[in-house]
Amino acid sequence: MAHADEAAIFNKDEAKVNWHDKALWFVRQKRDKSAHNVQGWETLRDLASAIKANVLSNLDDYLIQFEENAKKNGVTVHWAADAEEHNKIVHSILQKTNVKKVVKSKSMLTEECHLNPYLEANGIEVVDTDLGERIVQLAEEPPSHIVLPAIHKTKEEVDVLFQEHLGTKPSNGDPQYLTNEARKHLRDKFLKADAAITGVNFAVAETGGFVVCTNEGNADMGAHLAKVHIACMGMEKLIPQEKHLGVFLRLLARSATGQPITTYSSHFNKPAKGTEMHIVIVDNGRTEQLSREDFRASLHCIRCGACMNTCPIYRRSGGHSYKATIPGPIGSILSPGKDLTKHSSLPFASTLCGSCSDVCPVKINIHEQLYKWRQIITKDVPQPVVKKTTLKMAGRVLASSKMYGIAGKSARFMLKHMPKFIIYSKLNAWGKARDLPEVKNSNFDEWYKNRQKK
Amino acid sequence: MSRESILKAVKQNKPTSLPLPEIDLNVFAEDKDLVKTFIGNVEFVGGRAVELDDIKNLDIEIKKLYPNASKIVSCTKASGLGSISISESTDPHGLEAIDLAIIHGELAVAENGAVWIAENDVTLRVLPFITNDLVLIVNKKDIHLHMHSAFEAISKRDRTFGVFISGPSKTADIEQCLVIGAQGAVSLTVIIL
């Protein structure tokens, strides 16, 4: 199904859509407030973008340097070409260390690789420990936002879900009570887990260390209690030096939620005594994206979600409508690189307003890339007949000022004189849920000519 | 292992080398009251900040703030309230019932209310997360303006594990309602000496 059709499903519950829209816009406003508090914010964005560009242009050297330093620190480094190899590597580590129970903190990469079902099929219990992730895991759904995974769920829905799975009492969706019950439930899981899987926010080539950011403390609860810690990272997570963390940690949380920094920014370098630490470096289409000059900057992404919160389409269509691990504007430029046919409608899920590019902390030209994907898709992927013929006609009309004048005149005539039930009939998508503008007697061209005469 | 094939593909597909930018710290220089800014940010992120004139009053202050805490781990000589002692060989799972941990932070950051603690300061990495409540102590002179300055200050450390902690553990995953006390410590007090 195309994005527009999926979005129509989300839009059936109008109250929920309105809430979703407002809640995310509120997060965007918090981001603005927080960013404006920082002297040199734009310099930070420029630096972050330039550092990432430097990383991509020397990525092989940085990867080798990172591996060498991580190994010196006593960390085992693995390389995975694709999702399948990633899952196999993780499973083999768990097998070797005889692990049956795993706690996992938020990692979009393991979502991308569909690690959970793979491990579960191999008889391993995987518990997502970020509250939002746990909610969607219990609901057997994917996250709908990369920072706010359960933003599409109402508190009442969470209440019912927890009653069923955690045995909680009905509370009309009391967030304090439900969070506290989840805390107890997850504490038990942390204490019993044999291994912890985390994502990686930043990996430092110079030191071989990596940083994991959370607000809940779940990554640390898992990693410091279990005897095995596996950190899974996309290869673009590298930064050259530790001092560059100063730039990125100042940008990340402010762009994501408006916090000045996440509650916990944990710097892992060496495993604790008596424990194992593994890092899995994953390609899964990233080297291919690196080869595409027009789209390579999408690999700058630090997964803050700011482009989603600001996007008028995302806010009113919900993350699930994108049918991709990373939804929203950034997902719409990443996903076509993985499967152009499957994700061909995503670059069209945009007004090209450019707000995503304006808020992006690493200055990815998201809206320009969306436009560029459209050029490729209309050439490579068969388009609906209606769209094709309409656009062909529009092309002809717009190319001739005479035809354009006639078309404008007749449109104004029809808007003025046609009965409402025809104007707002199913055939006119522009009349759906909105009032069309009142028709004036002349257009700009006529008005201008009259004015010159006087 | 796909190491070689990945590196080969990267080498082939990467663009021509772009320079690594220099960070000009003058852009971020601000003449701010560091203690005041730090306290404001600790409170903004849901923590409590207490300025203490005399280190002798530390325990009285902590007792006042956490009157019911009985299982206490103190990682600093400044406080004598510790009732449970831990060492590197203590099983971290055993810390589950700890009421309060008292830790001396190495430095703090004014711009975001964060306190840096390293493995050496806590003996067991899980302590500041698993404890129910957390007290962090920082010296006024160790408060830095921003993260750039903080990273400069910790650049010579022995790198094992370290963490910036800004406020108590929190979540807003249920309908964006902020709830303090997710999986980590449910409260954080920063005592400034």
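This briefing walks through chain B, its contact with chain A, and a set of strands in chain A that leads to that contact. The model is predicted. Chain B has six helices and eleven strands, and 71 residues of chain A are in contact with 62 residues of chain B.

**Chain B overall**

- The C-alpha trace of chain B spans about 65 × 45 × 40 Å along its principal axes.
- Chain B has 193 residues, and 47% of them count as buried.
- If you take the contacts in chain B between residues at least 6 apart in sequence, 71% of them join residues at least 24 apart.

**The parallel sheet of chain B**

- Five strands of chain B form an open sheet with parallel pairing, in the order β1-β11-β6-β3-β2.
- At the edges sit β1 (48–51) and β2 (72–74) of chain B, each pairing on one side only.
- On average, neighbouring strands of this sheet are turned by 15° against each other, direction ignored.
- At the β2 edge, β2(B) runs parallel to strand β3 (residues 100–104) of chain B, and three bridges join the two; here Ile72(B) stands opposite Leu100(B).
- Helix α3 (residues 58–65) of chain B packs on the sheet and touches β1, β3, β6 (133–138) and β11 (187–192) of chain B. The direction of this helix makes about 155° with that of β11(B).

**Where the chains meet**

- On the chain A side of the contact between the two chains, helix α3 (residues 41–57) of chain A gives the largest share, with eight residues.
- By class, that side of chain A has 32 nonpolar, 26 polar and 13 charged residues.
- Strands pair across the chains too: β9 (residues 264–268) of chain A and β8 (residues 161–165) of chain B are antiparallel and share five bridges.
- Within this pairing, His267(A) stands opposite Gly162(B).

**From β9(A) back into chain A**

- Strand β9(A) is also joined to β6(A) by five bridges, and these two strands run antiparallel.
- His267(A) appears here again, standing opposite Val211(A).
- Strand β6 (residues 209–214) of chain A is mostly covered, with six of its six residues buried.
- Gly209(A), Val211(A) and Cys213(A) point one way from β6(A), while Phe210(A), Val212(A) and Thr214(A) point the other way.
- Three bridges link β6(A) to strand β5 (residues 202–204) of chain A, again antiparallel, with Val204(A) and Gly209(A) as bridge partners.
- The hairpin of β5(A) and β6(A) has four residues between the strands, and Gly208(A) takes a positive phi near 75° there.

Note on methods:
Residues numbered from 1 in each chain as written. Chains lettered and ligands numbered in written order. Predicted model: local features only at pLDDT ≥ 70, side-chain atom pairs only at ≥ 80, totals over all residues. Buried ≥ 20, exposed ≤ 12 C-beta atoms within 10 Å, placed from the backbone. Contact = placed C-beta atoms within 7 Å. Nonpolar A, V, L, I, M, F, W, Y, C, P; charged D, E, K, R; others polar. Pairing = 2+ DSSP bridges. Axes fitted to C-alpha atoms, helices over the stretch in contact; angles between N-to-C directions.
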